[in-house]
Amino acid sequence: MTAARYLVLVVPLLAVLAAARFERGRHARAAALLAFVVSMIGIAALNDAARLAGWFAFAPVTGAWRGMPVDLWIGWAALWGPLPVLLRRVLPLPLALGLLLWFDAVAMPTLTPLVQLGPHWLVGEAVGLIAVALPAQLLGRFSADRRHLRTRTLLQVGLFTAMLLWFLPTLAFELGGGSWAPLSAMSVPMLLIVAQVGLLVAAPALAAVRDFAALGGGTPYPWDPPRRLVTTGPYAYLANPMQLGAVALVLVVATATRSPALVVVAVTAVAFSAAVARPHEEHDLARRYGLRWRDYRRQVHNWWPRWRPYATGASAVLWLDDDCGPCTAVWRFLDRRAPVNLTIAPAAEHPQVLWRAGYAGGDGHTERGVAAVARALEHVNLGWAWVGWMLRLPGVTWLAQLVSDAMIAPPHPVSRRGERCPTPSNGCSTGRSPRSASTASQVCRPGP
């Protein structure tokens, strides 16, 4: 059994080192590391599921984590993650998955008694390939070749969420004491409150991830960074909203589980970010963006947010129908708060017909409807920006737009002067905004 443990660790690692000599690209090697992390976390979760389902288990040995030998865990993750990524030019994804299935089907029965297989262990194998190996390969291959930005960003969000909300807490409980018992003992209403608090503290980080992809053309992974400097959205208030959001999420879980070990994890993460990650990151950004980055960092801090947003470059524009009652109310609301680097203009001045509010950032990024108003809130102050980030959460924007279309301001084109509103239910108002000097109509026509 000892020889088997050495083999399942050494052989995959040697294969990865050999493949790394074949693939010397920096992005490919960094992507292989990312695939390895996905596999490590995924296999740990698969091990828990396998114990519950009776697919497979491991003999009691020293050097195990939650019943799984660590050496087998590392070798298995190397086989499912970095090795096929490094060999992706000669090993297409379907062939790679097929070879992994064949290899495991042959190797796992030979590892008895280290591996104890249940009657349906092939089901667990299939689940593992689909839920662990496939995402690891997609993320690794897309990151190595800088393809499918949205998909690899979503996969990274899933990875970091699993790491922060399951893997790190479980690891802290195993090494430093604690358990999930306090959280599992909570009532459903209390669990919903904890989930809402977690979503609230994560909103700036999620908005930052979205801006990294949409505005910067990159991801949160340090070796797959944005290609353009992002200083808007959460980055107009804080230089590292993702790190702060991650630490805040860990502290929420620590509070819910009453775990001092997780507090230590959070403090360690802050120390690592300040002492190790920050110097490397700032050197890289200063080299790539020069004076723009230095000016930004002089005014925006790492861990203490600004109250009013940092502004540079061209002004953003929010287009609102100044003859529609709800839009006029939004206009007045924003105008009273003197938004930073934001111009509010009548929708009639937009070069195209707008059916909903429109927003264009100074970098050319555009939004429509509720998302446009959410973007405009980012120009007011930290409190209202946070509301905007909550509105921009996946699913929340869709729901808020649905409610707005049904109950507040149905989508409608900016009408020509003199046309009449067929119904009074469209939220239109003939009262013109005090600021408006637009040529927009005095009435608005509801959309279909």
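Here are some notes on this structure, point by point, to read with the model open beside you.

1. **What you are looking at.** Keep in mind from the start that this is a predicted model. The protein has 16 helices and eight strands. Measure along the principal axes, and its C-alpha atoms fill a box of roughly 85 × 50 × 45 Å. Out of 448 residues, 47% count as buried.

2. **Contacts along the chain.** Take the contacts between residues at least 6 apart in sequence: 71% of them join residues at least 24 apart. So keep the sequence handy while you turn the model around.

3. **The largest core.** Which residues have the most contacts inside the largest nonpolar core? They are Ile 43, Phe 56, Leu 72, Trp 73, Trp 76 and Trp 80, in a core of 46 residues. Quite a few elements chip in: α1 (2-22), α2 (26-53), β1 (56-58), α3 (70-80), α4 (82-86), α5 (93-110), α6 (121-144) and α7 each give at least two residues. The largest share comes from α2, with eleven residues.

4. **Two members of that core.** Start with Leu 72, which has the most contacts along with the others just named. Setting aside neighbours within four places in sequence, Leu 72 touches Val 8, Phe 58, Leu 111, Leu 114 and Val 115. Now find Trp 76, in helix α3. Is Trp 76 buried or exposed? Its relative accessibility is 8%, and buried means under 20%, so Trp 76 counts as buried. With the close sequence neighbours again left out, the contacts of Trp 76 are Ile 43, Leu 46, Phe 56, Phe 58 and Asp 104. Try one distance as well: Trp 76 and Leu 114 are 38 residues apart in sequence, and their C-alpha atoms are 14 Å apart in space.

5. **A second core.** There is also a core of 17 residues lying apart from the largest one. Look for Cys 324, Trp 331, Phe 333 and Leu 377, which are among its members.

6. **α7 against α9.** Helix α7 (residues 149-176) packs with helix α9 (residues 188-216) at about 155 degrees, and the axes are 10 Å apart. An angle over 145 degrees counts as roughly antiparallel, so that is how α7 runs relative to α9. The crossing of α7 past α9 is right-handed. On the α7 side, the contact uses Leu 149, Thr 153 and Val 157, while α9 brings Leu 206, Val 209 and Ala 213. By class, that is five nonpolar residues, one polar and no charged.

7. **α14 against α15.** Helix α14 (residues 370-377) and helix α15 (residues 382-391) meet at an angle of about 150 degrees, with 7 Å between their axes. That angle makes α14 roughly antiparallel to α15. Here the crossing is left-handed. Val 370, Ala 374 and Leu 377 of α14 make the contact with Trp 384, Ala 385, Val 387, Gly 388 and Leu 391 of α15. The tally is seven nonpolar, one polar and no charged. You have already met Leu 377, since it is one of the residues of the 17-residue core.

8. **α11 against α12.** What angle do the axes of α11 and α12 make? Helix α11 (residues 260-289) and helix α12 (residues 291-299) cross at roughly 135 degrees, and their axes come within 6 Å. That makes α11 oblique to α12. Arg 278, Glu 282, Leu 285, Ala 286 and Tyr 289 of α11 face Leu 291, Arg 292, Trp 293, Arg 294 and Arg 297 of α12 in this contact. It divides into five nonpolar, no polar and five charged residues.

9. **Two residues on α11.** Ser 273 is in helix α11, and so is Arg 287. Which is buried and which is exposed? Ser 273 has 10% relative accessibility and counts as buried, whereas Arg 287, at 57%, counts as exposed. Beyond its neighbours within four places in sequence, Ser 273 is in contact with Asn 240, Gln 243, Arg 278 and Trp 303. Arg 278 also takes part in the contact with α12. As for Arg 287, its C-alpha atom is 25 Å from that of His 365, with the two residues 78 apart in sequence.

Note on methods: Residues are numbered from 1 along each chain as its sequence is written. This is a predicted model: local features need pLDDT of at least 70, side-chain atom pairs count only at pLDDT 80 or more; totals for chains, interfaces and linings use all residues. Side-chain values use heavy atoms; hydrogens and water are left out. Axes are lines fitted to C-alpha atoms, for helices over the stretch in contact, and angles run from 0 to 180 degrees between N-to-C directions. Helices (H or I, at least four residues) and strands (E, at least two) are DSSP runs, numbered from the N terminus. Angles under 35 degrees count as roughly parallel, over 145 as roughly antiparallel, 65 to 115 as roughly perpendicular and the rest as oblique. A crossing is left-handed if the near helix is turned anticlockwise from the far one by less than a right angle, and right-handed if clockwise. Contact means heavy atoms within 4.5 Å. Ala, Val, Leu, Ile, Met, Phe, Trp, Tyr, Cys and Pro count as nonpolar, Asp, Glu, Lys and Arg as charged, and the others, Gly among them, as polar. A nonpolar core is a set of buried Ala, Val, Leu, Ile, Met, Phe, Trp, Tyr and Cys residues joined through side-chain atoms within 4.5 Å. Buried means under 20% relative accessible area, exposed over 50%, partly exposed in between (1.4 Å probe, protein chains only).
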